[in-house]
Amino acid sequence: MLASSNLCAYNLPDLGSSDLKEYDAQTETALGREFSIVLHQYYDLVKDPIILSYVRRIGKKIVTETGEKRHFSFHVINNNEINAFAGPNGIIGIHTGLIKAAKSEDELASVIAHEIAHVTLKHLSRTYEYQKDMDVASIATLIAAILVGSQNPSAGFATYLGGMGLAIEHQLKNSRIHEAEADYIGIKYLQESGYNPHAMANFFNRLEKESQLYEHKIPEILQTHPITQGRLAKARYRADQLSKSKHKFKNKALRLIQIRLSALTNNNKNKYQQLQLTKDEQCYFNNLQTKNNINCLKTAIKNNPKERIYKIQLANLLAKTNPKESYNKFKYLSEIYPSDFSIIYFYSVALEKNGQIKDSITLLKEHTPKFFYQNILYSRLALLYANNKEISKSYYYEALASFNTGNIKKSIYLTKQAQKLELNKKTNFYTRLQRLNTKLVEIEKTQASGI
């Protein structure tokens, strides 16, 4: 890998870290990069900025307590199965079904903490024996098919690999020892990040009991993370040791995220929890269904002054009727919540709706490099430039978006396409494209040489 300072010069994120010891870090980085490519190409990822920002805030809050220097990345899979996974190189996946099944942010955080612990304990590298005679991309594809679920993007892929597919699946199944270790450390992370350490045992225990009432189908997470009474007892004992006071996380954002998921995804059925909406929550749901009511949103904000999701929704609606007020609210929110990329995203949408394309572009170019997750914002920049008939710049920003998901080959291809369009112009932008392409090729060679 090239030095991160060189990457930053091109607004490119560091794709990996060098802290793994069980097998070489470059192999872990390569697997993580290919795993990320598979996730973004073949699986139904939730791309809604508000939902992603919420889940990633929880993840970041917990990661802060781990002492790890590496990067973690958090993704939401549009799948109604109650499940989560820890993939190569710190990639954490949360299914929408799990988000809907949680009754509190503590419960959702408990699963995220558990998966983070699998990574910090290096369980994947300790159990998975890397096969030198197999293609890394193929291995990553198979790992994704096993960890994420049955959405194997390549029909017959496991059959093609023969016994190797079963061998990897067997290796990836978490042992009781690993589950106990992840519980032990995950509960510690939970406590230290301000969540209820009892939430993990409570959530798993409730899911197990509820599964007996609904068609006797065991949730996927209980199959991939087997529960025993002994495990629950140990988790409760661990939580009792750590908990010196009652934790009551008052954040109501999870409810709004669940409502948003129900409104924006096709997986609306939630057999584990039927939400009974308050008046403010019903207002939010109605506004998501285009039944716009600005007054009720203002009331909801007054009743819930700490919930930014209501405020973002109000700023969105005002873009149609009072653009100036909308922009002022977005600007204020971006200053109050500088790490929330969803605010910048919807701010740019509001500007575009009112024909201020150049202002929307300027906003995104200014703010996107500040965020670790850049692909959605850079893809939006690419779309804006495409709509503005500036195709070479559209290619350029789509190349940056692809790099953020680990797809260096696609980034190189897009950069070359942009160069072709700028070849005869000999502009500063053309020189910039040349430098970026050279840097991307160097990164690709460096990563390939370590596998």
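Q: Are helices α21 and α22 roughly parallel or roughly antiparallel to each other?
A: In this predicted model, local features need pLDDT of at least 70, side-chain atom pairs count only at pLDDT 80 or more, and totals for chains, interfaces and linings use all residues. Residues are numbered from 1 along each chain as its sequence is written, and side-chain values use heavy atoms, with hydrogens and water left out. Helix α21 (residues 375–387) packs against helix α22 (residues 391–404) at about 170°, with the axes 8 Å apart; axes are lines fitted to C-alpha atoms, for helices over the stretch in contact, and angles run from 0 to 180 degrees between N-to-C directions. Because angles under 35 degrees count as roughly parallel, over 145 as roughly antiparallel, 65 to 115 as roughly perpendicular and the rest as oblique, α21 and α22 are roughly antiparallel.

Q: How is α3 oriented relative to α5?
A: The axes of helix α3 (residues 49–63) and helix α5 (residues 105–120) come within 10 Å and cross at roughly 60°. That angle makes α3, relative to α5, oblique.

Q: Does α3 pass α5 in a left-handed or a right-handed crossing?
A: A crossing is left-handed if the near helix is turned anticlockwise from the far one by less than a right angle, and right-handed if clockwise. For α21 passing α22, the crossing is left-handed. For α3 passing α5, the crossing is right-handed.

Q: What is the strand order of the open sheet of three strands?
A: Strands are DSSP runs (E, at least two residues) and helices likewise (H or I, at least four), numbered from the N terminus; two strands pair if DSSP finds at least two bridges between them. Strand β1 (residues 73–77) runs parallel to β3 and is joined to β3 by five bridges, whereas strand β2 (residues 84–86) pairs with β3 in the antiparallel sense over three bridges. The pairing is thus mixed, and the order is β1-β3-β2.

Q: Which strands are the edge strands?
A: The open sheet has the order β1-β3-β2. An edge strand here pairs on one side only, which holds for β1 and β2.

Q: Which residue of β3 is the bridge partner of Ala84?
A: Across the β2 pairing, Phe85 has Gly93 as its bridge partner in β3. On the β1 side, Val76 stands opposite Ile94. The partner of Ala84 in β3 is Ile94.

Q: Are the residues of β3 buried or exposed?
A: Buried means under 20% relative accessible area, exposed over 50%, and partly exposed in between (1.4 Å probe, protein chains only). Ile91, Gly93 and His95 point one way from β3, while Ile92 and Ile94 point the other way. Of the five residues in β3 (residues 91–95), five are buried.

Q: How many aromatic pairs does a search of the whole structure find, and what is the geometry of Phe35 and Phe85?
A: Rings of Phe, Tyr and Trp (its six-membered ring) pair if their centres lie within 6.5 Å; planes under 30 degrees apart count as stacked, over 60 as edge-to-face and the rest as tilted. The search finds 13 aromatic pairs. With ring centres 6.0 Å apart and planes at 75°, Phe35 and Phe85 are edge-to-face.

Q: Which helices hold Tyr284 and Tyr310?
A: The two rings have their centres 6.0 Å apart and planes at 85°, so Tyr284 and Tyr310 are edge-to-face. They lie 26 residues apart, in helix α15 (residues 279–288) and helix α17 (residues 308–321) respectively.
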